[in-house]
Structure formats: C-alpha cells, structure tokens
Amino acid sequence: QTSFFPIMRAALSRLLAPPPPPLTGRRTSMLLLPTIVAAALSPGVPGARRGAVHSAVSRLAMQQQTSSPKGVVITGGAGGVGYAYADEFLARGHWVVICDVKDPEPAVMALRQKHGGGLGRIYGCTTDVSSAESVGALAQFAKEQIGTVHYWINNAGINGGRRPFTSLSTQTVEAVVKVNLIGVLLCTLEAIKLMRTQRGVESHVFNTVGSGVKGGGTPGYACYGATKRGLPQLTDSLVKELDDGVEGYEPDEAARGAKVNVHTLSPGMVFTDLLLNDSTPKLRKFPFGVLAAQPPEVAQDLVPKILATSGNGQKVEFLTTDRILTKFFERFVQGKKSEYIDDNGNVIKVPGAQYLDNGVRVQY
C-alpha cells in the first residue's frame, strides 16, 4: 500500500494538470496509462482501490479511443439518466448539449467542473419539449454550439404519478401526452430536419421507451404506458420513410448525402423520480430491488452501445434478456441481496452520498 499512494498522487496530478501545448489531450492520456496501470498492479493494493484504478484507466482509454468528438443532444438532461448520459459522453471526449424544462445551468456547471481539462464540451438550454417553438430553438442552439449533431437522444419524460387512471386530472393526462408523445414527435422532427442538412454525416435519433412499450398492462401508469406504446410504431414508420421514401413523393434533394437513422432506447428501471415517486415498500423490494439500477450504471452500459449503433431501426436496451435472467438467478437462486433496497423495502443509503426524500441519489 505504501507504494500505491505516491504513484496514484503523481498520476492524478498529471491527469488534472492542463496538457502542455505540444501534446493533444489524447497523447497526454496515452502517456498516463502505463503509470496508472503500474499503480493498479502494485503489491498490497486493496481490491476496492484496484477497482478505482481500473475505472480511471477505463476512462482514459475512452478518450484515447475518441478519434473525433461527436455532437450529442440530450433532452431531459439536467437530472436522472439524462444527466448520467451527458456525464458518460463527456468522459469519452464528446460535445454535448443538454436541455430541460428547468434551468440546466447547475447541471452544466457540475459537469464542466468534473470534466474540466478534458476533451468534452457541455452546453445547456431551457426547453419545453411540448412546444414547437421551444424545440426549434433547441435545434438551432445545438447547431450553433456543437456544429454537427451525430446523436439526438429523446430522453425527457414524465409519468403523471402512480395512481388509478380515473383519479387523474385532465391537466395531468394532457401533460403526460404532450411531453412523452408530442414532445418526442416534435424533437424527432426537428432532429431529422437538422440532420438531413449535414451532408456526408451519418446521424442517429434515439427515442426512449419504457413500461408499456411491448403491450400488456401498466396499472397506475396507464397514460404513461400508452404514450410509450406508440414509440416503436413511430420508429418503424420513420425507418421505412428514411430508407425507402414515401410512395408518390420525390426524394428531398436537399437531404442527399446525409444518412439519418432512428432507433429506440430502453434504459429499463432506473432509480429516478419517475420510479421512486409514489412507490411502495412492496414495489421497491420487487421488481425495483431486483431489476432497477442507478443512473450512472445504466449510462455506462448504454452510451457505448449508442456510439456503436449502426444501421437503422435498432433496439438498444439496458435490461437485455441475459441481464434479466442473470439478476433473477442471483436473487432467487443464489439468494443475493439487493445493493439498493433492504429487506423492508427501504432504499439503502450509501455513506457520504446525498439522497432526496423519495430515495433518489443526488448526482450533483
């Protein structure tokens, strides 16, 4: 252990220091890798610290592999999994625009502080995705700030609370439909229009799906489930339009040379306000305690998948069949306890972390 700390201090000092002018960020990262790897292999290093070093090496490797920054737009990016997506893209050296109906500036400042000196860039603007004017302004803002948009992630969403459909106000029903369905339609329209002007660029739109997407009942979330059920149909329709055109309509010459793809993105159950608000101990024990994950874990899995997506009409998922079966086996066969929910259905709070009253872990 005595040899570990001096090596790590030196490595981190070099990592946090601004790179000298002759070296690019990528070359600086390359030079740091051997030093940190040596620290990880030092005799007597505890397993937890080895894991921390492994994480540092992974992040340096991410930036090493970024041949050129990609432009990313994330709606609903000031919190939850949207914030975690932005964090992960920045760790890989990409340029990100986040928007939210609330002021995203605190999130932007937190991300800039965390990734200062890195290759990534982060910008934010206030956007109401249910407003055509506001979404149009978002597209223009993204074009001005990051130039080319390679990935547009429609992440913003609300569920109106977990309660019987007949108890919902008409205002709540309207709000859920406006954000989750009309918002996705408006954002997808603006994203495709922008991307089709980017000659020589292949770009991707990801529409976030959730409970109800595959049919079946979503009691307590009937309105939310109905809005999510429509997104695969929208995606399938756009895939055919973008690939084959529409019968009777000539191809848009202005879009020639630009390739736009549309996909669905499924983060699964994530410990955010959407999941934990109005939840009960029974629900928190199962299925949340078995299948749900924290936003950073989901982003660390999905962002590489997003970046690796090719073709059109793909389904990018966190809770894959293999992952679900593994979690079920660990819980019900091996008897493994949840690291997030205790036996009484209460959120397990990690020492040093901050939590909201509903049990959501604060990210910044």
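Student: Which residues of helix 7 and helix 8 meet?

Tutor: This model is predicted. In it, Val173, Val176, Val177, Asn180, Leu181, Val184, Leu185, Thr188 and Ile192 represent helix 7. Their partners in helix 8 are Cys223, Tyr224, Thr227, Lys228, Leu231, Leu234, Leu238 and Leu242.

Student: What makes these pairs a contact?

Tutor: Distance does. Contact needs heavy atoms within 4.5 Å. By class, this one has 13 nonpolar, 3 polar and 1 charged residues.

Student: How do you know which residue is the charged one?

Tutor: Asp, Glu, Lys and Arg count as charged. Lys228 of helix 8 is in the contact, so Lys228 counts as charged.

Student: Why are helix 7 and helix 8 called roughly parallel?

Tutor: Look at the angle. The axes of helix 7 (residues 170-195) and helix 8 (residues 222-244) cross at roughly 15 degrees. Angles under 35 degrees count as roughly parallel. Helix 7 and helix 8 are therefore given that name. Their axes come within 9 Å, and the crossing is right-handed.

Student: Why is helix 10 called oblique to helix 12?

Tutor: Helix 10 (residues 281-291) and helix 12 (residues 321-333) pack at about 120 degrees, with axes 9 Å apart. Roughly perpendicular covers 65 to 115 degrees, and roughly antiparallel needs over 145. The angle of about 120 degrees fits neither range, so the pair falls among the rest, called oblique. That makes helix 10 oblique to helix 12. This crossing is right-handed.

Student: What makes up the contact of helix 10 with helix 12?

Tutor: Helix 10 offers Phe286, Val290 and Leu291. They meet Ile324, Lys327, Phe328, Arg331 and Phe332 of helix 12. The classes are 6 nonpolar, no polar and 2 charged. Lys and Arg count as charged, so Lys327 and Arg331 belong to that class.

Student: What makes the peptide bond from Phe286 to Pro287 worth a look?

Tutor: Most peptide bonds are trans. The bond from Phe286 to Pro287 is cis, with omega near 15 degrees. Pro287 sits in helix 10.

Student: What makes the phi of Asp278 stand out?

Tutor: Most residues other than glycine have a negative phi. Asp278 is not glycine, yet its phi is positive, near 65 degrees. Asp278 lies in the loop between helix 9 (273-276) and helix 10.

Student: What makes an empty space a cavity rather than a pocket?

Tutor: The way out. In a cavity, a 1.4 Å probe fits but cannot get out, whereas a pocket is open. A search of the whole structure finds 1 cavity of 30 Å³ or more. The largest cavity has a volume of about 30 Å³. Its lining is Thr75, Val129, Asn154, Asn155, Ala156, Val179, Gly183, Val184 and Cys187. Helix 7 gives the largest share, 4 residues.

Student: How do you know which class Gly183 belongs to?

Tutor: Gly is among the polar residues. Gly183 lines the largest cavity, so Gly183 is polar by this rule. The full lining has 5 nonpolar, 4 polar and no charged residues.

Student: What lines the second largest pocket?

Tutor: It has 23 lining residues, with Arg196, Glu241, Leu242, Gly245 and Asp252 nearest its centre. Helix 7, helix 8 and strand 6 (259-266) each give two or more residues. Helix 8 gives the most, with 6 residues. The volume of this pocket is about 640 Å³. Its lining divides into 12 nonpolar, 2 polar and 9 charged residues.

Terms used: Residues are numbered from 1 along each chain as its sequence is written. This is a predicted model: local features need pLDDT of at least 70, side-chain atom pairs count only at pLDDT 80 or more; totals for chains, interfaces and linings use all residues. Side-chain values use heavy atoms; hydrogens and water are left out. Axes are lines fitted to C-alpha atoms, for helices over the stretch in contact, and angles run from 0 to 180 degrees between N-to-C directions. A crossing is left-handed if the near helix is turned anticlockwise from the far one by less than a right angle, and right-handed if clockwise. On a 1 Å grid over the protein atoms alone, a cavity is a set of points where a 1.4 Å probe fits but cannot get out, and a pocket is an open set with protein on both sides within 12 Å along at least five of seven lines; lining residues have an atom within 4 Å of a point. Grid points are joined across faces, edges and corners, and a volume is the space filled by probe spheres set on the points.
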